[in-house]
Amino acid sequence: MRELIAGIMSGRALRTREAGLLGLNLLLLVAIAPFFPAFLRPVNLAGVFDDTALLILLALGEMLVLLTRGVDLSIAANLAFTGMVVALLNQYHPGLGLVPVLVLSVLMGAALGAVNGLLVWLLRIPSIVVTLGTLSIYRGAVYLASGGKWVNSNQMSPAFLGLVRWHAGGVSMLSWTAIVCAALVAVFLRRSILGRNLYAAGNNPAAAAYAGIDVGVMQGAAFLIAGAIAGLCGYLWVSRYAVAYTDVASGFELQVIAACVIGGVSISGGVGSVGGVVLGALFLGIIKNALPLVGVSPFFQMAVSGIVITGAVLINARGSRASALRILERRPA
Amino acid sequence: MQPILSLEGVAKSYGGVKALTSGALDLYPGQVTALLGENGAGKSTLVKIITGIVRADGGRIVLDGGPVSIASAEHARSLGISAIFQEPVVFDALTVAENIFITGRPQKRGVVDWPTMRRRSREILAELDPGIEPDMVLGRLSVAQRHLVQIARALSNDARIVIMDEPTAALSHREAEELFAITRRLRDEGRAILFISHKFEEVFALCDRYAVFRDGAGVGQGMIEGISSERLITLMVGRPVDQVFPKQTVPIGREMLRVEALGRGQEYEDVSFDVRQGEILGVYGLIGAGRSEVMHALFGTAPAETGRIVLDGETVTIRSASDAIARGIGFVPEDRQMQGAHLRLAIGDNITLPSLGRTTRAGFLSRRRERAQAGPLAQSLGVKMSGLDQRVEELSGGNQQKVVIAKWLATSPRVLILDEPTKGIDVGAKAQVHRLMGELAAQGVAIIMVSSELPEVLGMADRIMVMRRGLVQAVVARAEATPERIVRLATDA
Amino acid sequence: MSDLSLSAGAAARTGRRPWRALVRWESLLVLAILIDFAINAHASPYFLDPWTLSDVTVSVVEKAVVALAMAFLVMAGEIDISVGGIIALASVAMGLVARGGSPLPLVVASGIATGCVAGGVNGLLVTVGRVPSIVATIGTMTLFRGVAYAVLGDGVLKTYPPGFAWIGQGYVAGPVSFELVLFAVLAAIAIILLHATAFGRRVIATGSNPEASRMSGIATGRLRFWLFVAVGTAAGLASVLLTSRLGSTRPSIAQGWELEIVTMVILGGVAIEGGVGSIPGVVLAAILMGLVTFGLGLLNVPGIVMSVVTGTMLIVVVAVPAAVRRFGPERR
């Protein structure tokens with residue numbers, strides 16, 4: 001248990017940060033309470049978590065990529081493509097059941113992630129360029145796969161739709177997936193050699209190479225896992241919203257990165273924790289769900305998220321102020 | 001007694017520049033060997049070869065009586081060789097325990113065994129500094145503690161050979177004493193230790209043996225007992241200086257630059273000196289003595305917090321490089337590739353960059369004027385190139401340096417600062433750079449030359465300012481400068 | 001990119017000027033344009049009609065205007081992801097000013113000024129706040145579009161002063177649209193600025209090596225700040241064109257444009273690491289993207305498929321030289 005906790009929150013410095021984020025989330029809830037006490041009811045909180053689960057999942061994958069000094073802009077497009085393909089599989093072969101759907105979503109997502117990973121690893125192309133390209137390709141591929149048609153709920157089998165809605169202990173299966181995934185990623189990052197090497201490779205690539213860690217392979221691995229998670233989210237998203245179409249989750253990658261940055265993941269690699277990412281995603285989720293309740297127009301949500309994200313990145317940039325002979329150092333890659 | 005590790009005639013070149021020609025070194029178990037030499041003598045290349053970071057071009061390495069070829073850093077570790085680097089090769093976002101075991105984390109059933117890692121870290125750290133907890137994030141530790149973590153890493157690898165590359169450079173006296181106690185303990189456990197330092201007092205207090213390097217070659221080894229610091233200095237500097245540097249006698253003009261009591265944080269304080277037209281002021285000191293920092297203050301790229309700069313009789317405020325350029329100050333920085341040259345731009349574009357105002361009209365570029373400006377400069381400096389359109393990255397180090405110097409000559413500076421102007425360039429280019437400095441001085445330019453190479457400072461400078469730990473120790477006139485005196489001023493000897 | 005192809009090819013050893021290799025890159029773009037031109041002409045007999053060709057420029061010009069400014073920014077080693085958000089915000093600002101009954105010049109000025117201020121915000125975040133530009137502009141992208149949503153909600157603004165529609169829909173002479181003329185003028189200015197002035201040299205130097213540039217007396221912080229302002233202003237201008245062409249505004253306009261604009265810049269041969277690139281390349285990339293989009297439209301292929309083509313082009317363009325460099329014959 002101690003290991004799991006340590007895995008979720010790595011390092012003393014980060015723990016204070018996570019405590020701060022947790023406090024901020026609680027403060028938010030306390031601030032909402034007088035306006036709308038029902039918000040704090042467990043059922044509602046479970047709903048908020050359910051609504052944030054996909055963001056949490058994707059942010060976990062994105063964190064792995066950010067840890068190795070990369071960035072994955074293609075995860076939302078990966079999600080849309082994979083989601084459409086499994087929706088079509090389900091539409092035309094509803095009798096196959098859920099297992100092939102789940103397996104296909106993870107494998108296909110991993111394959112799409114591997115494309116990114118291979119280009120970054122073998123050709124050393126900046127990850128932002130690679131994923132900008134694959135973002136367009138995967139998004140267009142959704143259209144090619146579906147012919148521009150929607151897959152609606154009446155074309156989905158009950159099992160396909162039912163899994164995410166099935167509740168256990170008052171919490172949806174979608175939420176459980178996020179919880180289990182977060183725990184798995186935490187354990188992976190904490191206990192596996194590969195997970196530890198992701199941190200080392202991003203924290204100090206030169207020292208990592210000296211310690212015998214192949215930085216390129218680490219980046220490739222991070223993209224692969226992020227892709228697999230995005231693929232799984234493809235199924236979950238399509239199932240939860242009971243519709244698959246070309247523009248599913250369009251632009252969502254930037255919210256995912258925002259959740260990571262708010263959660264304390266450093267864009268320059270090597271720093272980040274599962275706890276921070278989950279809290280960062282929840283922070284955005286609570287704001288999104290609370291604003292309409294406290295009487296703020298839903299149209300203000302985006303502006304508030306924008307202020308929050310911009311403020312968070314600005315605060316994160318503090319502390320790395322210019323040292324005396326900054327000019328003697330190269331800015332981080 | 002047989003040496004555990006023996007290097008014979010080891011050589012290494014980087015792109016034609018010989019860093020090491022015949023490195024010779026013997027390390028004995030249970031002894032601390034001091035590695036001495038000026039900057040550029042080949043010490044760090046030697047360390048890189050022993051630790052497997054680079055491979056030697058020639059020579060023999062004998063370990064335990066048998067020849068070995070050290071293929072990689074991992075291979076070196078498996079042979080029992082570990083190093084504590086000057087710039088710690090550590091992960092500041094990871095914990096102490098993980099930094100110690102980064103190359104071999106304890107595992108149980110295929111996953112990292114944190115309890116064991118923590119326990120073993122604590123065991124190792126208990127002997128070094130019980131104040132360091134395995135769970136601390138490394139970024140929070142002091143420099144001294146980071147060194148200890150590197151030592152702990154060496155111990156976790158069961159290193160028989162431990163290399164310490166100027167471990168005390170950034171340590172306080174007390175921290176250094178603690179490090180020595182630990183080093184002695186490692187020695188008494190039978191490990192062979194290579195200790196690199198510029199500080200003689202440390203060498204005499206700690207080391208059993210010495211090995212001196214000069215110009216890429218081993219020039220002497222032996223027991224510390226019975227040798228004097230004078231003898232070691234002679235070995236380090238040991239060559240007749242005047243023959244190599246044909247110093248021109250130039251009439252010294254009026255005072256061009258005077259600085260009074262410059263200071264900035266912990267970096268340097270109360271730095272005062274002046275330099276005259278036609279004069280070359282040498283600035284000597286060990287790495288970390290604050291020399292480059294003072295130069296960046298003069299150039300405005302890291303302005304001083306206190307003090308005054310007087311240029312040609314006028315007190316000036318220099319807050320940026322463009323201020324400095326406008327006032328006729330040029331700066332050839334130490335890090336040529338990062339700060340000096342734009343490697344991916346053409347030679348001509350490099351040369352005209354700081355003086356774009358002269359080759360443009362109303363902001364518009366003129367190819368013709370640029371060529372008229374850059375061409376003669378590149379030619380008179382003897383840049384070997386296919387044309388002004390060639391990219392700087394395709395040139396040799398020496399020619400790159402000539403391009404950087406040319407770009408400052410294009411600004412017609414009154415004061416030219418050169419920070420390690422001949423670092424990493426070949427002998428021929430060195431001589432050309434030195435000749436050029438003489439010519440510039442003859443034209444009345446006031447030159448400040450920062451150098452860690454004693455022969456260069458002694459051979460080129462009219463006066464030598466020696467800095468140590470952020471303070472000016474002395475300004476020595478050329479006639480009174482001897483290698484021994486300068487080194488003594490720069491070190492604790 | 002072109003830099004990669006340069007270092008991969010034999011040209012690297014001959015040591016010619018970088019722009020020679022860029023010309024090579026640009027001739028590839030020209031070739032691609034000709035091929036696509038031929039395909040389009042083959043696909044539709046109406047394609048060669050001047051009015052059809054004029055239609056090709058619709059919508060791509062607005063992105064290309066921003067791409068011109070973005071090329072400078074990327075060449076200086078930075079990036080702005082928030083341009084789509086700026087366009088939306090500027091469009092909403094213009095809509096509100098127009099609804100208040102302001103005259104045409106004020107409406108146009110409000111759009112451009114909004115872009116200018118938004119670019120300034122980005123510039124301050126990056127230069128004073130020291131936030132990496134990609135992170136900063138991901139934040140402000142949400143912020144700018146969010147403010148647009150907060151102001152307008154799901155409403156639509158449709159009232160504009162007389163003459164406003166002409167900016168995005170009018171023709172100067174025959175089939176030559178005002179948008180096209182404007183773009184041609186801006187492209188010419190950009191070419192001169194980047195390739196023939198000290199300013200352009202400083203931009204390239206800053207992207208090529210920021211430290212050495214600072215040491216050469218370039219005020220790199222100020223330079224980057226003004227480039228962000230320029231990109232914001234260009235986005236404001238694009239917003240004027242787009243709003244005029246659509247004749248209405250909503251906060252959701254120009255969604256996803258940032259990625260298309262960045263793709264255009266990289267496809268044009270600008271290296272994402274900065275320091276390398278040419279404006280003619282970006283102009284050609286814009287023409288190519290416009291032609292491909294339009295051609296696919298002629299073939300009744302929807303716009304979203306265009307993104308597959310764009311994405312593939314982007315990756316191939318970067319990957320092939322990188323692969324040659326990595327796995328081809330050793331350099332030196």
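## Strands, helices and contacts in a three-chain model

In chain B, strand β6 (residues 81-84) and β9(B) run parallel and are joined by four bridges. Across that pairing, B:Ser82 stands opposite B:Val162 in β9(B). Before going further along the strands, keep in mind that this is a predicted model.

What is on the other side of β9(B)? That would be strand β10 (residues 192-196) of chain B, joined to β9(B) by five bridges, and this pair runs parallel too. Here B:Met164 has B:Phe195 of β10(B) opposite it. Strand β9 itself covers residues 161-165 of chain B and is mostly covered, with five of its five residues buried. Neither face is left open: B:Ile161, B:Ile163 and B:Asp165 are buried on one side, and B:Val162 and B:Met164 are buried on the other. Note that an Asp, B:Asp165, is among those buried residues.

Carry on past β10(B) and you reach strand β3 (residues 32-36) of chain B. Four bridges tie β3(B) to β10(B), again in parallel, and one of the pairings puts B:Leu35 with its bridge partner B:Ile196. Then β3(B) is joined by four bridges to strand β11 (residues 209-214) of chain B, also running parallel. In that pairing, B:Thr33 has B:Arg209 as its bridge partner.

Is β3(B) buried or exposed? Five of its five residues are buried, so β3(B) is largely enclosed by the rest of the structure. Both of its faces are covered: B:Val32, B:Ala34 and B:Leu36 are buried on one side, B:Thr33 and B:Leu35 on the other. So much for the strands of chain B; now for the other two chains.

Chain A has 14 helices and four strands. With a radius of gyration of 20 Å, close to the 20 Å that the globule rule gives for 333 residues, chain A is as compact as a globular protein of that length. Chain C has 16 helices and two strands. Its radius of gyration is 20 Å, close to the 20 Å from the globule rule for 332 residues, so chain C is likewise as compact as a globular protein of that length.

Here are the overall figures for burial and contacts; the last column is the share of contacts with a separation of 6 or more that come from residues 24 or more positions apart.

| Chain | Buried residues | Contacts from residues 24 or more positions apart |
|---|---|---|
| Chain A | 56% of 333 residues | 79% |
| Chain C | 59% of 332 residues | 78% |

As for extent along the principal axes, the C-alpha trace of chain A spans about 65 × 55 × 40 Å, while that of chain C spans about 65 × 55 × 30 Å.

One helix of chain A is worth a look. Helix α5 (residues 98-123) of chain A has 26 residues and reaches 37 Å from its first C-alpha to its last, close to the 38 Å expected at 1.5 Å a residue. Just after α5(A) comes A:Arg124, with a positive phi of about 55°.

Now for how the chains meet. Between chain C and chain A, 46 residues of chain C are in contact with 46 residues of chain A. Which elements of chain C give two or more residues to the side that touches chain A? They are α8 (133-152), α12 (210-215), α14 (257-267) and α16 (303-327) of chain C. By class, that side of chain C has 27 nonpolar, 13 polar and six charged residues.

Chain C also meets chain B: 30 residues of chain B are in contact with 21 residues of chain C. On the side of chain B that touches chain C, α10 (321-326) and α11 (336-340) of chain B each supply at least two residues. This side of chain B has 14 nonpolar, eleven polar and five charged residues.

Finally, confidence. The predictor gives the complex an ipTM of 0.83 and a pTM of 0.84. Chain C averages a pLDDT of 86, with 92% of the residues scoring at least 70. Where does the pLDDT of chain C fall below 50? That happens over residues 1-18, a stretch that has 44 contacts in the model beyond near neighbours in sequence.

Key
Residues are numbered from 1 along each chain as its sequence is written. Chains are lettered from A and ligands numbered from 1 in the order in which they are written. This is a predicted model: local features need pLDDT of at least 70, side-chain atom pairs count only at pLDDT 80 or more; totals for chains, interfaces and linings use all residues. Two residues are in contact if their C-beta atoms, placed from the backbone, lie within 7 Å. Ala, Val, Leu, Ile, Met, Phe, Trp, Tyr, Cys and Pro count as nonpolar, Asp, Glu, Lys and Arg as charged, and the others, Gly among them, as polar. The radius of gyration is taken over C-alpha atoms; the globule rule is 2.2 Å times the number of residues to the power 0.38. A residue is buried if 20 or more other C-beta atoms lie within 10 Å of its own, exposed if 12 or fewer, and partly exposed in between; C-beta atoms are placed from the backbone. pLDDT is the predictor's confidence in each residue, from 0 to 100. The expected span of a helix is 1.5 Å times one less than its number of residues. Two strands pair if DSSP finds at least two bridges between them.
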